[in-house]
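Please open the structure in your viewer, and keep the selection tool ready. We will go from the whole chain to single residues, one stop at a time.

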Amino acid sequence: MISKRFLLKRLLLLVPVVLGVATVVFAILHLSPGNPARTIAGQRASEEFVRQIENDLGLNDPIYVQYGRFLWNAIQLDFGNSYVIRRGTPVTDVLRYRFPVTLELAIYGQLAGIVFGIPLGILSAVKQDSVTDHLTRIGALTGISIPIFWSGPLLILVFATVLDVLPTSGRISSNYSIDAVTGLITVDALLSGNLDAFLSAVQHMLLPSLVIGVYSMALISRMMRSSMLEVIRQDYMRTARAKGQGAKITVMKHGFRNALIPVVTIIGIQFGSLLGGAVLTETVFNITGIGILLVDAISVGDYPLVQGTVLLFAFLFTLVNLGVDVTYSILDPRIDQ
């Protein structure tokens with residue numbers, strides 16, 4: 001049971017973290033050299049249009065006024081309108097449409113990493129220095145070492161081009177039109193009751209999820225192995241075995257929970273990174289998520305969109321860390337004392 005005091009303390013700690021990130025984002029974008037209005041308008045734009053953008057963004061106001069307005073608008077989830085990518089569209093609406101795409105990819109990738117990584121890590125630790133251990137470690141090292149920009153095209157070549165069993169890109173076949181309810185295409189397809197559309201969405205998500213999941217699985221597997229090796233050498237594990245308890249029951253009942261704590265840290269950091277770092281996967285598989293959106297916004301100088309996207313990433317990362325802290329206290333109640 002999580003204590004209310006522990007949860008409240010963690011929630012209060014989110015405030016300075018988010019405020020600090022917002023301040024850094026504001027400082028980088030407003031104190032960097034160059035005129036943001038000129039960047040947004042383009043080098044060939046008229047001075048009148050540049051002045052109009054400066055007035056719209058309030059760039060002529062003192063910096064502390066701009067900072068205060070930025071924070072107040074951020075609290076109200078008002079990041080202004082996109083000037084280049086989706087001209088005239090509120091940034092909040094753009095993020096609401098694009099974020100579920102990346103979220104879905106990150107969820108499936110992380111699930112693949114957890115489902116395969118944790119059992120392989122435990123198996124490798126229990127059978128230390130065996131053939132199974134060596135194969136698992138080699139597989140984990142291979143998964144960590146292979147970059148996404150190489151593994152993605154390779155999987156496309158094998159499963160889409162040679163075997164022709166999975167699609168190369170996109171989120172669902174163009175034959176289906178699914179109304180967005182949650183923004184998660186597999187969930188929306190399932191909610192629509194169209195089984196063929198759901199299967200098409202699942203097929204489209206398999207390869208990109210696998211590409212992200214392989215790296216995550218390798219990292220989780222290695223961490224689980226190291227943590228479990230340390231736990232199974234503890235005195236209480238030997239005591240449990242000396243009392244006649246079976247090896248499997250001892251590992252899963254007494255060792256798994258304690259070995260899971262550092263793994264949860266890796267899972268939390270990995271999930272936060274997947275949310276913000278799925279750019280390569282989205283590019284390879286032509287998935288229009290928030291990662292590509294951020295890169296495009298930076299390249300064309302769409303400052304309101306960059307601010308909104310970075311703040312969204314930061315806020316989600318802090319929420320993930322909050323979830324990790326809560327999980328700690330569940331696994332080991334002594335932590336919240």
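## A guided tour of the chain

Begin by selecting Asp93, which is partly exposed, with 35% of relative accessible area. Before going further, please keep in mind that what you see is a predicted model.

Now add Arg96 to the selection, and you will find that Asp93 and Arg96 form a salt bridge in which the closest N and O atoms are 2.7 Å apart. Both residues belong to helix 5, which covers residues 91–126, and because they are three residues apart there, about one helical turn separates them. Arg96 itself is exposed, at 55% relative accessibility.

**Stepping back to the whole chain**

Clear the selection and show the chain as a cartoon, where you can follow 14 helices and zero strands. The C-alpha trace spans about 85 × 55 × 40 Å along its principal axes, and of the 337 residues in the chain, 42% count as buried. If you consider the contacts with a separation of 6 or more, 71% of them are made by residues 24 or more positions apart. Switch to a surface view, and you are looking at about 18,300 Å² that the chain exposes, of which carbon and sulfur atoms supply 64%. Colouring by charge would bring out 25 positive and 22 negative charges, whose mean positions are 13 Å apart.

**More salt bridges**

How many salt bridges does the chain have by the rule used here? The count comes to eight, and the pair you selected at the start is joined here by some further examples.

Select Asp235 and Arg238, which both lie in helix 10 (residues 235–242) and are three residues apart, about one turn of the helix. Their salt bridge brings the closest N and O atoms to 2.5 Å apart. Asp235 is exposed, with a relative accessible area of 52%, whereas Arg238, with 47%, is partly exposed.

Next, select Asp61 and Arg69, whose salt bridge has its closest N and O atoms 2.9 Å apart. Here Asp61 is partly exposed at 31% relative accessibility, and Arg69 is partly exposed at 29%.

For the last stop of this kind, select Glu47, Arg51 and Glu54 together, since these residues are linked in a network of salt bridges.

**A buried threonine**

Is Thr136 buried or exposed? Select this residue in helix 6, which runs over residues 131–145, and display its surroundings. Thr136 is buried, because its relative accessible area is 12%, and the cut-off for buried is under 20%. Leaving aside residues up to four places away in sequence, Thr136 touches Leu120, Ser124 and Ser221.

**Two loop residues with positive phi**

Move on to Leu77, in the loop between helix 4 (63–75) and helix 5. Although Leu77 is not a glycine, its phi is positive, at about 60°, and the residue is exposed, with a relative accessible area of 55%.

Finish at Asn286, which you will find in the loop between helix 12 (279–284) and helix 13 (290–300). This residue is not a glycine either, yet Asn286 has a positive phi of about 55°, and at 53% relative accessibility Asn286 counts as exposed.

Key. Residues numbered from 1 in each chain as written. Predicted model: local features only at pLDDT ≥ 70, side-chain atom pairs only at ≥ 80, totals over all residues. Heavy atoms only, no water. Salt bridge = Lys/Arg side-chain N within 4 Å of Asp/Glu carboxyl O. Buried < 20%, exposed > 50% of the residue type's maximum accessible area, 1.4 Å probe, protein only. Helix = DSSP H or I, 4+ residues; strand = E, 2+ residues; numbered from the N terminus. Contact = heavy atoms within 4.5 Å. Areas by Shrake-Rupley, 256 points an atom, 1.4 Å probe, with all protein chains shown as cover. Lys, Arg positive; Asp, Glu negative; His and termini not counted. Charge placed at Lys NZ, Arg CZ, Asp CG, Glu CD.
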